[in-house]
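Student: Could you take me through one part of this model in detail, looking at its surface and its charged pairs?

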Amino acid sequence: MVRGVASKVNRAYNFPMKLFLDTANVDHVTEIASWGVLDGVTTNPSLVAKEGKDFKETVLKMCALVPCVSAQVTATDAEGMQKQAVEYSKWHKHVVVKVPMTVEGLKALRFCKEKGIKTNCTLVFSLPQAMLAAKAGASIISPFVGRIDDAGGDGMQLIAEIMEAWEHYQFSTEVLVASTRKPEHIERAARIGAHIATIPYEVFKKLPLHPLTDTGLKKFMDDWTKTKG
Ligand code: E4P
């Protein structure tokens, strides 16, 4: 299994697949971080707009809670992205600059690699895009599985194909399963051996639940209470 440079730097816990929260809501990050299993956060302009809070302030609050926070550039030309990347990277050492998978984005990824700025290449929908982003020096790539499923494809199949290619070529770029919609996406990501899954708050909250845990605990507590009677 290929393990990326970023994973050595950022891994907070021992289970190999890192779990990120996909949100710009600081309260949600605080809550899930308190469970002791959260390795990072991904934000994007839509998530930030939904919360209506100051972007830099939000990123800094999250950086205090987790070791890896993706902050997306809003420029679309390489020069503009590079300028934003330099700026964001100075905010906090936990910032990972998110760059879209475009030709301009590739130029910005190469620039960041040379400057030692950590990056997450977002909006990846194919194996050639994944390879180009890795060759350009992305620390992380984010294939969007849910949006592929929404369009009638199989997002997790793309993850399997990327991981297969990675095994051959020893890319250090981490594969982050993005746009997850349900616990099954996380299960399949772990079985395939993806490096990271980013998970919406509502889906994250479902991960610890199982009906047999609830009934099992109830029975234990009922039996325990009887011994007191
Ligand atoms: C990833 O970094 C993105 O923020 C996210 O996963 C996009 O998911 P969506 O397709 O639910 O918007």
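Tutor: Leu217, Phe220 and Met221 make up a nonpolar surface patch whose accessible area comes to about 340 Å² together; such patches are built from residues with over 30% relative accessible area and no salt bridge, nonpolar side chains (Val, Leu, Ile, Met, Phe, Trp, Tyr) being joined within 5 Å and like charges within 9 Å, and the areas come from the Shrake-Rupley method with a 1.4 Å probe, only the protein chains shown counting as cover for residues. This is a predicted model, in which local features need pLDDT of at least 70 and side-chain atom pairs count only at pLDDT 80 or more, while totals for chains, interfaces and linings use all residues. Residues are numbered from 1 along each chain as its sequence is written, and side-chain values use heavy atoms, with hydrogens and water left out.

Phe220 belongs to helix H12 (residues 211-228), helices being DSSP runs of H or I of at least four residues, numbered from the N terminus, and at 61% relative accessibility Phe220 is exposed (over 50%, against under 20% for buried and partly exposed in between, with a 1.4 Å probe and protein chains only).

Helix H12 also carries charged pairs: Asp222 and Lys218 form a salt bridge at 2.8 Å, N to O (a side-chain nitrogen of Lys or Arg within 4 Å of a carboxyl oxygen of Asp or Glu), and the two are four residues apart in the helix, about one helical turn. Lys218 is exposed at 53%, whereas Asp222 is partly exposed at 33%. Asp223 pairs with Lys219, their closest N and O atoms being 2.8 Å apart, and salt bridges with shared partners join Lys219, Asp223 and Lys226 into one network.
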